[in-house]
Amino acid sequence: MKKLLVTCGHLQRHIGRYDAELRSHGIEPWVPTLAGQQFDAAEMAAMLPEADAAIAGDDDLSGPVLEAGVRGRLRGLVRWGIGTDNVDKPVATRLGLPVFNTPGMFSNEVADLAFGHVLNLARHIHKMDREVRAGRWTRYEGTSLAGKTLGVVGLGGIGREICRRGAAFGLRVTGSDVVPIDPALLAAVGAVQQPFETVIGQADIIIVACNLTAENTHLFNAEAFARMRRGVMFVNVARGPIVAETALIAALQSGQVGSAGLDVFEVEPLPADSPLRGFDNCLFGTHSGSSTGEAIERTNRISVDIAMAMLGIGADRLAGWNRVA
Ligand SMILES: NC(=O)c1ccc[n+]([C@@H]2O[C@H](COP(=O)([O-])OP(=O)(O)OC[C@H]3O[C@@H](n4cnc5c(N)ncnc54)[C@H](O)[C@@H]3O)[C@@H](O)[C@H]2O)c1
């Protein structure tokens, strides 16, 4: 039997659905107990050499971990989801280790979550809920969305779905990207592309939706927050390290940032002593933008298909999927 290591929590929970199918092809699923969000470097380096292929989530897939895997049995890797910032892609390429991800699986879901943050922050829904539960009847003055300007940083699959929702709420939608995006694609979702400084300088609401790269780590630093309109709403559904959290905290303290919705953090889970917890104009998530039953099932299916193809079952289909290394 070939061994398929599954470390991604979303697939681990539903692996029973695929067990018989995998075994009928001579593949044994291996599902180690996952305590937190991901396995660390030592855990991955210990497991990967024993697996022929792996389906991983946010786990540590740095260079030495991949090298350890390839010294053993590992012949292919699926990164469940979109972000591949946890994978050392140059090392994987050098090792000849094929790595695939599953892009486009949950653009709608992450965009929905981003707008959940926007609506909650604009209308203080989370505060009203707390007040009613405490037996009080506090009424809050919110902010109207129609006519305001939305700035979306990152105009890929998720960013464009965010634009579409923004336009439907009557927002003026602008966005920035490091590559030119086809204006027709943007027009279809009611958006126009502008330079980063223009977007963040004009927006009443900024939503971060780009992939994390070495170049955009701490893109949102003290200087960027200072360029924004005073009282801006800031939402990050992309990756924590794109935002310098100490700069965001200072901007929240000074009122430069009026409210923030954060699904992702520099360190996850958010440390217990993070000063962010003290702001009631902040709304937090648990890095769960893709977490709907439908999106998880869709992504599980394709991840299993890719892994089976890498292990020789339907290998001709590999060309149709997204190889990142
Ligand atoms: N919160 C969650 O649970 C969750 C779920 C899925 C994905 N994500 C994150 O969302 C990211 C985006 O997903 P996607 O499907 O839209 O990816 P995508 O690859 O379709 O689009 C990302 C876009 O960001 C652009 N970009 C890169 N650097 C930029 C910068 N400095 N400024 C502006 N744009 C920049 C890229 O050119 C690209 O067009 C993923 O890489 C992942 O990190 C988060």
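In this predicted model, the largest nonpolar core comprises 53 residues, among which L150, I162 and I207 touch the most other members. Helix α13, spanning residues 293–310, makes the greatest contribution to this core, with nine residues. Because domain 1 (2–105 + 292–323) and domain 2 (107–284) both supply residues to the core, it lies between them. Such an arrangement may be read against a general tendency: in soluble globular proteins, nonpolar side chains tend to be buried together.

I207 offers a convenient route from the core to the sheet. Leaving aside neighbours within four places in sequence, I207 is in contact with A114, F115, V118, L150, G151, V152, V153, I162, V235 and V237. A second core, separate from the one already described, has 31 residues, including A203, V208, L248 and A251.

The sheet itself is open and consists of seven strands in the order β8-β7-β6-β9-β10-β11-β12, with parallel pairing. Its edges are formed by β8 (191–193) and β12 (282–284), each of which pairs on one side only. From one strand to the next, the twist averages 20°. Strands of a sheet pair through backbone hydrogen bonds, either parallel or antiparallel. Within this sheet, β9 (residues 205–208) is joined to β10 (residues 232–236) in the parallel sense over four bridges, and I207 stands opposite V235 in β10.

Helix α8, formed by residues 157–168, lies across β6 (149–153), β7 (172–176), β8 and β9. Relative to β6, helix α8 runs at about 175°.

Definitions and conventions
Residues numbered from 1 in each chain as written. Predicted model: local features only at pLDDT ≥ 70, side-chain atom pairs only at ≥ 80, totals over all residues. Heavy atoms only, no water. Pairing = 2+ DSSP bridges. Helix = DSSP H or I, 4+ residues; strand = E, 2+ residues; numbered from the N terminus. Axes fitted to C-alpha atoms, helices over the stretch in contact; angles between N-to-C directions. Contact = heavy atoms within 4.5 Å. Core = buried A, V, L, I, M, F, W, Y, C linked by side-chain atoms within 4.5 Å. Buried < 20%, exposed > 50% of the residue type's maximum accessible area, 1.4 Å probe, protein only. Domains from an automatic or database assignment.
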